[in-house]
Amino acid sequence: MTSATRQPETPASTVPPRLIATDLDGTLLRDDKSVSERTVAALAAAEEAGIEVFFVTGRPARWMDVVSDHVHGHGLAICGNGAAVVDLHGGPGTHRFVKVRELARENALDAVRLLRDAAPGTVYAVEQTYGFYQEPAYPKLHMEIPDLLAPAEKLLASDAPGAHEPVLKILAYHPELDPDAFLTLARLAVGDRATITRSSPSALLEISGPGVSKASTLALCCAERGISHEEVVAFGDMPNDVEMLTWAGQSYAMGNAHPDVVAAASGRTVANNEDGVAVVIERILAERS
């Protein structure tokens, strides 16, 4: 595809957008994790036109340095698939948590137990507000050194190191299962004890508190600003974006998006490496003028 289009069965929204919500990896960022000059210019132009831009990502706050120069006036980002709203103005290592929607340790332990039974061989890591902990068998999927290596049950115990910090999500990895099959199995096994999604091409699941998603936290942020869902334009590429794309008044699946994302979005744009988010923003601003 060479231009952003909406699916023909979905009419274009007549409500002027007030907020743009965009995922990062596979969406706003190119595959080399850079933000293109075209995209930087489009984000700045949107803010100049009075349209807020929110980064809504599965990344933890400490991985937000790739976009910390582009948060503009409000400085806020939604991280951890909705588990935290973070003020990035201070820069890496000095960010401030504005809102935290934690995963209760009891729920996390239930999820670990149920998923171990349903998918033997699953290994875990624990993401907290400032700490990262993992089991010894958890693979080196992240470019960081964990604060502690121990079984998940010990990492999530009430007397564990870091027990004073909220748990944002747990990560569950399986070395053999198909990623989509693993997601389906986990949702059936864990039920309403947690919200489970994925954003990685591997069989890596992200487990958050019940009802916590990009969509639900974005809805809270919009309500605080008096912005309705019809006034939101959202972009994404992976299953952890589905709820957000369904909720937003206008939504775009990237040209490289997962089939579930294409089905959920009301429109499509070109791939992340072709600046698909910028293509749509430029069109929105052109129509406004």
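This briefing describes one helix, the salt bridges and the nonpolar cores of the structure above. The model is predicted. Helix α2 covers residues 37-48, and its buried residues pack against two strands and two helices, namely β2, β3, α1 and α9. The salt bridges come to 19, and the largest nonpolar core holds 33 residues.

**Helix α2**

- Helix α2 has 12 residues, which at 1.5 Å a residue should span 16 Å; its end C-alpha atoms are 16 Å apart, so the expected and computed spans agree.
- The buried residues of this helix are T39, A42, L43, A46 and E47. Because they cover an arc of only 135° around the axis, they lie on the same side of α2.
- An α-helix has 3.6 residues a turn, so residues three or four places apart point the same way.
- E37 and E48 are exposed, on the other side of α2.
- The partners of the buried residues of α2 are β2 (19-22), α1 (24-28), β3 (52-56) and α9 (276-288).
- After α2 comes G50, which has a positive phi, near 90°.

**Salt bridges**

- Side chains of opposite charge can pair when their charged atoms come close.
- K33 and D25 form a salt bridge through their side chains, with an N to O distance of 2.8 Å. Both partners are partly exposed: K33 has a relative accessible area of 39%, and D25 one of 24%.
- E206 and K169 also meet in a salt bridge, at 2.9 Å from N to O. This pair connects distant parts of the chain, since E206 belongs to strand β12 (residues 204-208) and K169 to strand β10 (residues 167-173), 37 residues apart.
- With a relative accessibility of 4%, E206 is under the 20% cut-off and therefore counts as buried. K169 is likewise buried, at 4%.
- Within helix α9, R283 pairs with E287, and their closest N and O atoms are 3.7 Å apart. The two residues are four places apart in the helix, so about one helical turn separates them.
- R283 is partly exposed at 26% relative accessibility, whereas E287 reaches 58%, which means that this residue counts as exposed.
- A network of salt bridges links E52, K99, E224 and R225.

**Nonpolar cores**

- In soluble globular proteins, nonpolar side chains tend to be buried together.
- Within the largest nonpolar core, of 33 residues, those that touch the most other members are I20, F55, M64, V67 and I281.
- Two or more residues of this core come from each of α1, α2, β3, β4 (76-79), β5 (84-87), β13 (232-236) and α9. Helix α9 supplies the largest share, six residues.
- M64 touches L24, F55, T57, R59, A77, C79 and L88, leaving aside residues up to four places away in sequence.
- A second core, separate from the largest one, has 26 residues, among them A108, L114, Y133 and V167.

**Elements that recur**

- Helix α9 packs against the buried residues of α2, gives six residues to the largest core and carries the R283 and E287 pair.
- Strand β3 is another partner of the buried residues of α2, and this strand gives two or more residues to the largest core.

Technical notes. Residues numbered from 1 in each chain as written. Predicted model: local features only at pLDDT ≥ 70, side-chain atom pairs only at ≥ 80, totals over all residues. Heavy atoms only, no water. Expected span 1.5 Å × (residues − 1). Buried < 20%, exposed > 50% of the residue type's maximum accessible area, 1.4 Å probe, protein only. Arc of directions from axis to C-beta. Contact = heavy atoms within 4.5 Å. Salt bridge = Lys/Arg side-chain N within 4 Å of Asp/Glu carboxyl O. Core = buried A, V, L, I, M, F, W, Y, C linked by side-chain atoms within 4.5 Å.
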